[in-house]
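The following report walks through a structure with attention to its surface, its core and its charged pairs. Please read it alongside the sequence and the coordinates.

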Amino acid sequence: MRAWKAAALLNLALLLGVGWGYVFWGARTARLEQELRAARGAAAAGVERLWQVAGVVRAIVPEINVLVITHEDIPGYMPAMTMGFRASAPKIHEAVAVGDAVRFTLQGVPPNVVITAIEKTR
Amino acid sequence: MIALEVLVRWAHLALSVLLVGTAVSILLAGRSDRPTALGWETRMLDACRGLVVLAFAAGVAVLLLQTALLEGRRAAALDPGALRRVLLETRGGHVWLVRHGLLLLLAAFLAVPLDVRRRVDWRAARGETALLGLAALGAGAAAGHAAALPGALAAIATDTVHVLAAGAWVGGLLPLALLLRRAGRAEGADARPLAVLAARRFSRLALACVLALVASGSVIAWAQVGSVAGLVGTAYGRLLLGKLALLAPILALAALNRRRHLPALGGEALRVGRPAMRRLARFVAGEAALALAVLGLAATMGFTPPAAHAEPDWPFAFRLSLETLADAPARAARALVGSQVLVLGAVAALAALVVRRARWPLLGGALVVLGAGAAIALPPLAIDAYPTTYVRPAVPYQAASIVAGAARYREHCAVCHGPTGAGDGPGGLRLARPPADLRAPHTGQHTAGDLFWWITRGIPRAGMPAFGATLAAEERWDVINYVRALSAAHAARNMGPTVEPDRAWLVAPDFAYAVGPTPARTLKDYRGRRVVLLTLYALPGSRPRLAQLADLYGSLTALGAEVVAVPTDAAPDALRRLGAAPRILFPVVTEGAADIVAAYRMLAAAPHAELLIDRQGYVRAIGRGAGLAAAEPNALLAEIQELNAEKVPAPAPEEHVH
């Protein structure tokens with residue numbers, strides 16, 4: 001075989017190898033991303049969820065039936081933060097006062113979730 | 001084990017470099033059909049075949065050794081499972097696979113007999129050899145120290161340039177010497193024109209390679225060493241110095257060859273050229289031998305932690321520092337005079353390079369003047385230094401460490417240095433020299449490593465005892481953090497509630513806290529994101545101000561500020577005590593308050609205090625007293641806007657004190 005052809009073939013093979021590697025990794029990341037998106041989609045797409053969350057009551061706004069709570073991580077929904085949640089019934093907040101450490105049940109289809117139960121822990 | 005690792009890595013690097021250099025020098029010499037030249041080319045191709053095999057074998061040895069080291073047991077080197085893990089799951093393994101795949105390809109390519117009678121074919125075949133060799137050598141940079149740097153891609157590219165330039169230059173020396181030797185023999189006359197041509201071309205390539213090496217080497221050294229202490233105080237830095245020391249004679253030889261021996265080849269080929277050619281061959285071979293030693297150092301540096309990540313061990317009893325001139329006009333004047341003399345010497349040296357006549361006397365004079373300048377300028381800059389001078393504190397500058405240090409300080413140091421560090425303790429009265437005022441700028445000019453040395457070893461001639469045996473190393477660092485906080489507090493005593501634009505100097509000690517059941521956060525989490533108004537409060541006095549802050553909270557958040565309120569009594573039920581009205585929604589610390597209060601009270605000793613901390617982590621303003629509530633509430637928003645408007649933020653402070 002002519003040497004230049006051999007060299008050209010070799011380089012072509014190398015280029016193909018690099019290209020294949022690039023495409024392979026690209027496809028892999030694309031697949032992973034797709035799976036991630038699918039998983040997120042399932043979480044978002046109207047499935048009812050339920051969490052038990054620990055927190056501290058920071059404020060109570062009875063007029064609009066809202067409790068503001070500094071809470072821990074809510075897995076799959078939101079990180080730890082201070083945030084207002086609506087209660088499912090008007091009487092629910094009466095069991096607790098500002099500054100109480102609490103454990104509460106959060107239920108609903110995100111982002112429409114409500115507190116269905118709350119109790120003092122200390 | 002280390003000797004073995006050095007040997008194996010050096011062998012692998014040297015063989016790969018020789019392979020690249022041989023392939024490149026064949027290409028450089030060009031095609032020739034003279035018997036001697038053909039003989040050389042055949043020999044060099046044979047050498048390439050041997051080198052590929054040897055480089056591959058050495059590479060396998062490196063892999064086995066690396067596996068044994070990573071797994072922490074010798075037997076792992078021959079354990080297929082361990083080898084597969086290293087190859088498939090580490091970055092080094094991936095790079096190894098790519099490089100050795102390329103070497104295998106090259107071996108196969110060299111094994112195939114190719115018809116190279118035509119010029120294109122010759123070029124394609126030899127070019128391909130060089131290309132595969134260069135690729136296999138250069139790819140190694142992707143697994144070196146560079147890959148660990150931020151902005152790895154540029155660092156890897158720089159490393160690649162460095163190693164390829166080294167390969168083409170250093171590796172080509174030996175083949176060139178062989179060609180020159182063959183052509184220098186009586187029966188090698190037919191190859192002499194080729195040898196002369198090759199030597200000229202090589203000389204040009206070598207110059208380009210040396211320039212590339214110096215440029216890329218400087219960039220790499222800056223990133224991996226970065227300081228004088230790193231250069232003279234760490235294994236990596238010392239290896240680099242050794243490399244430079246070996247490089248100097250190589251460059252001198254190269255310059256000699258380029259300016260003396262190469263032009264001498266220009267004579268009539270038959271007679272004048274021969275001795276000159278043989279001399280050049282000898283000198284080039286000498287260069288090659290030194291260069292192989294440099295490769296040994298380079299291979300060792302490859303697995304030595306970069307200086308920037310090692311603790312330097314300062315070898316001298318002094319260091320130079322401009323800070324010594326701060327309030328010493330006489331020393332400053334002397335340093336200034338000396339620096340002018342140095343400039344004069346530098347000008348003379350430059351002139352010696354440019355002017356031809358009287359070059360040597362001029363250069364001698366320049367050296368004398370430079371020496372004199374250094375003798376005048378440097379002594380005033382010298383300041384005592386110790387082996388630990390540049391060691392980084394093992395404990396970061398954090399509230400918890402300061403508090404622990406304060407306890408140790410009260411226990412061991414306050415007798416002499418006084419409760420506030422002013423040097424007025426009762427224990428100092430009977431001493432020959434009064435204990436130092438630890439808040440004075442003098443102490444501030446010394447590095448944390450200096451303090452560590454003094455506290456560990458004591459200062460015998462002044463009566464300062466040693467604590468190396470009484471306090472654990474971490475406790476000593478705690479004390480140092482406390483001493484730094486003492487002088488920071490002293491300097492901050494006049495800081496007021498208004499921000500001084502573009503003057504960030506007071507580092508806010510980091511701290512960790514939690515609100516209720518939420519995961520712990522740190523002040524540092526706000527770096528680059530939020531301005532923090534750290535509010536130390538005491539009920540009931542602080543209530544009106546807290547109500548005002550609660551009111552303002554919406555505007556504060558909109559301006560990118562967060563309020564972190566810390567009860568000075570560190571009550572765990574602080575939230576309940578604050579009660580339902582007003583509605584306070586900013587974080588109120590329920591865990592970690594005690595340390596925060598103890599550390600920050602040093603900066604602001606009022607029952608109610610507010611510290612405005614900018615996005616880089618500097619305290620920029622301190623408000624004291626609950627009377628702040630009486631002030632115009634918008635004043636606070638204005639201060640924060642002032643911070644938001646700052647164009648060139650100060651660099652974020654380091655985690656550790658200096």
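## Surface patch and helix 11

In this predicted model, the largest share of the nonpolar patch, three residues, is contributed by helix 11 (residues 329-354) of chain B. The patch as a whole covers about 480 Å² of surface and is formed by B:Leu350, B:Leu353, B:Val354, B:Val355 and B:Leu362. One of these, B:Val354, is located in helix 11 of chain B, and because its relative accessible area is 67%, above the 50% limit, B:Val354 counts as exposed. In soluble globular proteins, nonpolar side chains tend to be buried together. The loop between helix 11 and helix 12 (359-381) of chain B holds B:Ala358, a residue that has a positive phi of about 55° although it is not a glycine.

## Domains and the nonpolar core

Chain A is divided into domain 1 (1-45) and domain 2 (49-120), and the centres of these two domains, taken over C-alpha atoms, are separated by 47 Å. Helix 1 (residues 3-44) of chain A contains A:Arg28, which is partly exposed at a relative accessible area of 35%; between A:Arg28 and A:Val114 there are 39 Å in space, C-alpha to C-alpha, and 86 residues in sequence.

Chain B is divided into four parts: domain 1 (2-309), domain 2 (318-384), domain 3 (399-491) and domain 4 (506-645). The C-alpha centres of domain 2 of chain B and domain 4 of chain B are 53 Å apart. Where does the largest nonpolar core lie with respect to domain 3 and domain 4 of chain B? The core has 83 residues, of which B:Leu534 and B:Tyr600 touch the most other members, and its largest share, nine residues, comes from helix 17 (residues 473-491) of chain B. Because domain 3 (399-491) and domain 4 (506-645) of chain B both give residues to this core, it lies between them.

## Backbone features

Helix 2 (residues 35-71) of chain B has 37 residues and, at 1.5 Å a residue, should span 54 Å, which agrees with the 54 Å between its end C-alpha atoms. B:Gly72, with a positive phi near 75°, follows helix 2 of chain B. Most residues other than glycine have a negative phi, and most peptide bonds are trans. B:Ala570, in the loop between strand 7 (561-567) and helix 19 (574-578) of chain B, has a positive phi of about 55° although it is not a glycine. A cis peptide bond, with omega about 0°, joins B:Leu539 and B:Pro540, and B:Pro540 lies in the loop between strand 6 (531-537) and helix 18 (543-558) of chain B.

## Salt bridges

Over all chains, the count comes to 23 salt bridges, including the three below.

| Pair | N to O distance |
|---|---|
| B:Arg576 and A:Asp100 | 3.2 Å |
| B:Asp79 and B:Arg73 | 3.3 Å |
| B:Arg545 and B:Glu610 | 2.7 Å |

The pair of B:Arg576 and A:Asp100 crosses between chains, from helix 19 of chain B to the loop between strand 3 (81-87) and strand 4 (101-109) of chain A. B:Arg576 is partly exposed at 39% relative accessibility, whereas A:Asp100 is buried at 3%.

B:Arg545 in helix 18 of chain B and B:Glu610 in strand 8 (residues 609-613) of chain B are 65 residues apart, and the pair links distant parts of the chain. B:Arg545 is buried, with a relative accessible area of 5%, and B:Glu610 is buried, with 4%.

B:Asp79 is partly exposed at 25%, as is B:Arg73 at 38%, and B:Glu71, B:Arg73, B:Asp79 and B:Arg85 are linked in a network of salt bridges.

Conventions:
Residues are numbered from 1 along each chain as its sequence is written. Chains are lettered from A and ligands numbered from 1 in the order in which they are written. This is a predicted model: local features need pLDDT of at least 70, side-chain atom pairs count only at pLDDT 80 or more; totals for chains, interfaces and linings use all residues. Side-chain values use heavy atoms; hydrogens and water are left out. Domain bounds come from an automatic or database domain assignment. Helices (H or I, at least four residues) and strands (E, at least two) are DSSP runs, numbered from the N terminus. Buried means under 20% relative accessible area, exposed over 50%, partly exposed in between (1.4 Å probe, protein chains only). The expected span of a helix is 1.5 Å times one less than its number of residues. Patches are made of residues with over 30% relative accessible area and no salt bridge: like charges are joined within 9 Å, nonpolar side chains (Val, Leu, Ile, Met, Phe, Trp, Tyr) within 5 Å. Accessible areas come from the Shrake-Rupley method with a 1.4 Å probe; for residues, only the protein chains shown count as cover. A salt bridge is a side-chain nitrogen of Lys or Arg within 4 Å of a carboxyl oxygen of Asp or Glu. A nonpolar core is a set of buried Ala, Val, Leu, Ile, Met, Phe, Trp, Tyr and Cys residues joined through side-chain atoms within 4.5 Å.
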